[in-house]
Amino acid sequence: MTASANDLMVLLVTKRRSGRWVIPKGWAEPDLLPHLLAAREAFEEAGILGEAEPNAIGAYTYRKRLPDGRRAICEVTVFPMRVVGFAETWPEQGQRRSRWATLDEAASLVEEPGLAKLLWQVTSTPLTNEQ
């Protein structure tokens with residue numbers, strides 16, 4: 001099946017402190033495959049249930065402020081996810097807002113330049129999904 005970028009939606013969540021729009025993400029864990037971590041973060045941050053694909057659509061870097069004030073450069077690998085449902089409760093419920101956006105809308109809403117660039121690239125790339 002061939003899909004266009006217009007068929008895709010992006011789950012945006014707000015950062016807890018600043019309220020800026022980002023995508024769900026977490027720190028790498030040695031015993032968890034990256035795409036499974038992505039699905040878990042979508043659940044923890046927004047109550048989304050589904051299966052993340054093992055093949056990433058891309059990656060970006062950003063500067064994260066650590067609790068002690070230092071900044072670290074973080075790389076985020078982004079995975080597509082097939083949503084199958086929504087939880088009634090989830091760990092970070094009430095701590096963040098969430099919303100669905102088209103790729104164009106999401107690229108316009110996020111402030112992280114690397115994420116915006118990745119979303120614009122996906123917008124202009126035909127996607128193929130063999131089902």
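Q: With which residue does Arg 40 form a salt bridge?
A: This is a predicted model, in which local features need pLDDT of at least 70, side-chain atom pairs count only at pLDDT 80 or more, and totals for chains, interfaces and linings use all residues. Residues are numbered from 1 along each chain as its sequence is written, and side-chain values use heavy atoms, without hydrogens and water. A salt bridge has a side-chain nitrogen of Lys or Arg within 4 Å of a carboxyl oxygen of Asp or Glu. The closest N and O atoms are 3.5 Å apart here, and the partner of Arg 40 is Glu 44.

Q: Why are Arg 40 and Glu 44 separated by about one helical turn?
A: Helices (H or I, at least four residues) and strands (E, at least two) are DSSP runs numbered from the N terminus. Both residues belong to helix α1, residues 34-46. The separation is about one helical turn because their spacing in this helix is four residues.

Q: Is Arg 40 buried, partly exposed or exposed?
A: Buried means under 20% relative accessible area and exposed over 50%, with partly exposed in between (1.4 Å probe, protein chains only). The relative accessibility of Arg 40 is 30%, so the residue counts as partly exposed.

Q: How many salt bridges does the structure hold?
A: Opposite charges on side chains can pair when the charged atoms come close. One such pair joins Arg 40 and Glu 44, and another joins Glu 92 and Arg 16 at 3.5 Å, N to O. The total for the structure is nine.

Q: How many residues apart along the chain are Glu 92 and Arg 16?
A: Their salt bridge links distant parts of the chain. Glu 92 sits in the loop between β7 (81-86) and β8 (98-102), whereas Arg 16 sits in the loop between β2 and β3 (21-22). The two are apart by 76 residues.

Q: Which residues are linked in a network of salt bridges?
A: Glu 92 meets the side chain of Arg 16 and also that of Arg 96, at 2.5 Å from N to O. Glu 92 is buried because its relative accessibility is 10%, and Arg 96 is buried with a relative accessible area of 19%. The network consists of Arg 16, Glu 45, Glu 92 and Arg 96.

Q: How far apart in space are Gln 95 and Gly 19, C-alpha to C-alpha?
A: Gln 95 also lies in the loop between β7 and β8. Gln 95 has a relative accessible area of 38%, so this residue is partly exposed. In sequence, Gln 95 and Gly 19 are 76 residues apart, while their C-alpha separation is 9.9 Å.

Q: What distance separates the C-alpha atoms of Val 13 and Ile 23?
A: Val 13 belongs to strand β2. With a relative accessible area of 0%, Val 13 is buried. Along the chain, Val 13 and Ile 23 are 10 residues apart, and their C-alpha atoms are separated by 5.7 Å.

Q: How far is Val 110 from Ile 23 in space, C-alpha to C-alpha?
A: Val 110 is placed in the loop between α2 (103-109) and α3 (113-123). Its relative accessibility is 8%, so Val 110 counts as buried. The sequence gap between Val 110 and Ile 23 is 87 residues, and the distance in space is 8.7 Å.

Q: Which residues form the nonpolar patch with about 400 Å² of accessible area together?
A: Patch members have over 30% relative accessible area and no salt bridge, with like charges joined within 9 Å and nonpolar side chains (Val, Leu, Ile, Met, Phe, Trp, Tyr) within 5 Å. One member lies in strand β2, residues 9-14, and is partly exposed at 45% relative accessible area. The patch is made of Met 9, Val 83, Phe 86 and Trp 100.

Q: Which residues form the positive surface patch?
A: One of them lies in strand β5, residues 58-65. That residue is partly exposed, at 46% relative accessibility. The patch consists of Arg 17, Arg 63, Arg 65 and Arg 71.

Q: What radius of gyration does the protein chain have?
A: The chain has three helices and nine strands, and 34% of its 131 residues count as buried. Its C-alpha atoms fill a box of roughly 45 × 30 × 30 Å along the principal axes. The radius is taken over C-alpha atoms, and the globule rule is 2.2 Å times the number of residues to the power 0.38. For 131 residues a compact globule would be near 14 Å, which agrees with the chain's value of 15 Å.

Note on methods:
Accessible areas come from the Shrake-Rupley method with a 1.4 Å probe; for residues, only the protein chains shown count as cover. Lys and Arg count as positive and Asp and Glu as negative; His and the chain ends are not counted. The place of a charge is taken as NZ of Lys, CZ of Arg, CG of Asp or CD of Glu.
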